[in-house]
Amino acid sequence: MKHDKNITGAQSGNEMANDTRFGGANANRRHQGGSTIKQVCPHCGSIAKARTSRAVTPLFRELRFQCTNVDGDEACGHTFVCSLVIERTIVPSARPNPRINLSIAPARMNRTALPSPAG
């Protein structure tokens, strides 16, 4: 009996190579059509998109944004630089870099108290 699909749901090596979940060829193409990091333009309030970035250190990155309001009589077109800083660890790395020293974030408190079980 011939099956069209693998019953276990396992993917072939070729399928895995293109699957974004496995870091394949399409891993960075989930959002085609531009950047995914957005910021509000401080001048006109329109969306500004990250166009380029550069690593200054392993924990500090500069991002260059451009306002998307570039057409019409009320065009803005403001271009500006933002900073991205890695501040603390939430879940430690399974492969820590000994040269990187980040503090561990304190555990979050549960915001909603659960009722205690009836005894």
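This report describes strand pairing, a nonpolar core and two individual residues in a predicted model.

## Basis of the description

Because the model is predicted, local features need pLDDT of at least 70 and side-chain atom pairs count only at pLDDT 80 or more, while totals for chains, interfaces and linings use all residues. Residues are numbered from 1 along each chain as its sequence is written, and side-chain values use heavy atoms, with hydrogens and water left out.

## Paired strands

Strands here are DSSP runs (E, at least two residues), numbered from the N terminus, and two of them pair if DSSP finds at least two bridges between them. S2 and S3 run antiparallel and are joined by 8 bridges, with a hairpin of 2 residues leading from S2 to S3. Across this pairing, alanine 50 stands opposite phenylalanine 65 in S3.

S3 also runs antiparallel to strand S4 (residues 79–85), to which 7 bridges join it; here leucine 63 stands opposite cysteine 82 in S4.

## The nonpolar core

The largest nonpolar core (buried Ala, Val, Leu, Ile, Met, Phe, Trp, Tyr and Cys residues joined through side-chain atoms within 4.5 Å) has 5 residues, namely Ala48, Ala50, Leu63, Phe65 and Phe80. At least two residues of this core come from each of strand S2 (47–57) and strand S3 (60–67).

Apart from neighbours within four places in sequence, alanine 48 has contacts (heavy atoms within 4.5 Å) that include Ile37, Cys41, Phe65 and Phe80.

## Threonine 89

Threonine 89 lies in strand S5 (residues 88–89) and has a relative accessible area of 14%, so threonine 89 is buried (under 20% relative accessible area, with a 1.4 Å probe and protein chains only). Leaving aside neighbours within four places in sequence, threonine 89 is in contact with Leu102, Ser103, Ile104 and Ala105.

Key: Buried means under 20% relative accessible area, exposed over 50%, partly exposed in between (1.4 Å probe, protein chains only). Helices (H or I, at least four residues) and strands (E, at least two) are DSSP runs, numbered from the N terminus.
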